[in-house]
Amino acid sequence: MKILIVDDESINRAMLVSMLSNAGFTKCIEAASGQEALSIVEQAIPDLVLLDVVMPGMSGFEVAPKIRALAGGRYLPILFITSLDDKESLVKCLEVGGNDFATKPFDKHILTAKIRAHEKIRNLSAHIEAQNEELRFYQQSVAREHAIVEHIFSHAIVNKKDTLKYFDHALIPAETFNGDVFVCETSPSGGLYFLVGDFTGHGLASAIGALPVTRAFQEMSAKGLSVNEMATEFNKILLRFLPSDMFMAAVIGEVGSDGARITLWQGGMPQMLVVSNTRRFIKTISSPHMALGILELDEFDNECEIFEMMPDDKLVICSDGLTEAVDSEGNMLTEDGVKQWCINTSDLTALGLFEHAKGFSAKHTFDDDVSVVIFKSQSLECILPHQSIDDIPSEITITLGAKHLKQPDIQTRVLHQVSQFSGIEHVRSVLFTVVSEMFSNALEHGILKMDSNLKHSAEGFQLYYEKREVLLGSMVSGNITINIKTDPAEETVFLSIEDNGDGFEWDEIASPQREDSFGRGLGLIRALSNKVWFEKGGRKINCLLSTTVE
Amino acid sequence: MNVTTDNVDGKLTLTIAMGEKFDFSQVESFRSAYQDLDEGVRHIAVDLGKTEYMDSSALGMLLNMQKVLSERTLTYSIENSRPPVERILKISRFDKKFSIC
């Protein structure tokens, strides 16, 4: 500990130096005047100052505040040494910035004890200062990190203006970062997709999940996936990367190109409302599912709700931050409170609903993120269906052996591969039907050599499918090759399916009796495609489909 | 798939609501939907509101249902079908056997 001794009497200084060094304080610096003391402090700030009051030139009372100023914010104990013993002088010692005083003649024990006590305080103070420094550093780095994340968020989670205009929305985070997410996209068929999600908790930890969800949403929207496919995919993504105590309540929806048909998957969110002003009617839709990111893939249920809205009907979606607003008596607004308000409001808007909840809340603030999203049923004519002409041509050939053909969902898996192709969004249903027909024919007649005449009777129909099961189970060889090629410039898809059976005369089987519950397959393929032709003695069927929107 | 029996317009009606896909994988469950049909049922409605994908085996299943229940006095309807599904029903002239609404 470095101690500065300021006294004009050299004898006093010498006495103090020897007293202190005996007590173990060996680093003492001497100053013979106030002026000298200040220039020493300017060079290097000592750890403690012993300051004489009565000196020629500057007195100790004058020097003390100057030393304090030089020390800045740093804790520097100043002990006055004085022979004055009147109360006034002693009080003044403390008033001018001294921490303590010691009266002459010195008592060695009292002086060293005092110095030790101040040394302790000084160490504590230094410790606090070091911690403050650390805190400041930490604060700065957090602020910097938040700024970076905020930047990323504001660029990654942006809804296109042209799409957003179809939604009336109010999103108010409880903190800087929003654990609620609202994203919307146009669908390739000329409709809309939207997702309103609410992650467990709020703040940055919750908000971070919005990034992968948004990305996946944008990608799936571009591909024109169905709502239940989206729900399954989101669940898979969230299950994989969220910790087990975190999940996302969500509403995933698609609005058909007519602006009226709504397909919804809803899990863990407050009930939604369909409000019709013209019809004075309100319908509630409660979440039938658990939130996303909880259930394992085989437990997950992607079943959707489908309904039609009339023009100007409003679909109201809110997060639980809104329904859980609490008034001064501790009552929650509740889903029912929201419903009542919507019934009684002539001009229902997202901001209006938000303001109502804010007015209801005792604190006029929210503890959780609040989202309100309203879609009004309207014409979506301005959303142009995706034009496939710019898409890249793709081709896939899949050869399935006996092992694959036995899998019950093999067709779905093949079609899933194909649905990755761009430009076929509008014909997913047709493609499913045609591939399914061609595939069934190849498998049931080409490879399993089954006879459709069995299906003549009602019992036979059932028997046919039982027999199919048995034959498929015992099949040892057999393969089917599927080739699918898209040509976006021509707006066509070419399909071919070839089996390794004996082949057969297609045309003979192609005219079903109206009463028969079989034989419609080829007719369907013909009606749905532009062209159908056969090769290799009926072992291979080819067809060309148009991908244009009707 | 969801099966309910309700009184609709004074007629006891069995409603079979199909899921996203209606193909041969539903053979068993579709049949069981009408297997032990209540004596009082006068109408069977097949709701295809959720069905996006369908093939001819589904058509076969629908016709087979009528065949199995031919001894009974019943009317049949197919409801809420989406455009692609409706197209398949139209191509197959199903309006002759079902009222399509």
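This report describes selected features of a predicted model, with most attention to chain A.

## Overview of chain A

Chain A contains 18 helices and 20 strands. Of its 550 residues, 37% are buried. Among contacts in chain A with a separation of 6 or more, 68% join residues 24 or more positions apart.

## The five-stranded sheet

An open sheet of 5 strands in chain A follows the order 16-17-18-20-19, with antiparallel pairing. Strand 16 (394–400) and strand 19 (531–535) of chain A form the edges; each has a single partner strand, so one side of each lacks a neighbour in the sheet. On average, and with direction ignored, neighbouring strands of this sheet are turned by 10° against each other.

Within the sheet, strand 18 (residues 492–499) and strand 20 (residues 540–546) of chain A run antiparallel and are joined by 7 bridges. Val493(A) has Leu545(A) in strand 20 of chain A as its bridge partner.

## Helices packed on the sheet

Two helices of chain A are described here in relation to the strands. Helix 15 (residues 428–447) of chain A packs on the sheet and touches strand 17, strand 18 and strand 20 of chain A. The direction of helix 15 makes about 15° with that of strand 18 of chain A. Helix 14 (residues 410–418) of chain A lies across strand 16 and strand 17 (480–487) of chain A, and runs at about 160° to strand 16.

Helix 15 of chain A has 20 residues, and the distance from its first C-alpha to its last is 26 Å, close to the 28 Å expected at 1.5 Å a residue. Of these 20 residues, 19 are buried, so helix 15 of chain A is largely enclosed by the rest of the structure. After helix 15 of chain A comes Lys449(A), with a positive phi near 55°.

## Contact with chain B

In the contact between the chains, 23 residues of chain A meet 24 residues of chain B. On the side of chain A that touches chain B, the elements giving two or more residues are helix 15, helix 16 (458–474) and helix 18 (521–528) of chain A. Helix 15 of chain A gives the largest share, 7 residues. Helix 15 thus appears both on the sheet and on the side of chain A that touches chain B.

By residue type, the side of chain A that touches chain B divides into 11 nonpolar, 9 polar and 3 charged residues.

## Helix 5 and the loop before it

Helix 5 (residues 108–156) of chain A has 49 residues, which should span 72 Å at 1.5 Å a residue; its end C-alpha atoms are 71 Å apart, in agreement with that value. Helix 5 of chain A is hardly covered, with 2 buried residues among its 49.

The loop between strand 5 (100–103) and helix 5 of chain A holds Pro105(A). The peptide bond from Lys104(A) to Pro105(A) is cis, with omega near -5°.

## Backbone exceptions in loops

Most residues other than glycine have a negative phi, and most peptide bonds are trans. Asp312(A), not a glycine, has a positive phi near 75°. Asp312(A) sits in the loop between strand 13 (305–308) and strand 14 (314–318) of chain A. Asp312(A) counts as partly exposed because it has 13 C-beta neighbours inside 10 Å.

In chain B, Asn80(B) has a positive phi of about 60° although it is not a glycine. Its place is in the loop between strand 6 (75–79) and helix 3 (83–91) of chain B. With 18 C-beta neighbours inside 10 Å, Asn80(B) also counts as partly exposed.

Notes. Residues numbered from 1 in each chain as written. Chains lettered and ligands numbered in written order. Predicted model: local features only at pLDDT ≥ 70, side-chain atom pairs only at ≥ 80, totals over all residues. Pairing = 2+ DSSP bridges. Helix = DSSP H or I, 4+ residues; strand = E, 2+ residues; numbered from the N terminus. Axes fitted to C-alpha atoms, helices over the stretch in contact; angles between N-to-C directions. Contact = placed C-beta atoms within 7 Å. Buried ≥ 20, exposed ≤ 12 C-beta atoms within 10 Å, placed from the backbone. Expected span 1.5 Å × (residues − 1). Nonpolar A, V, L, I, M, F, W, Y, C, P; charged D, E, K, R; others polar.
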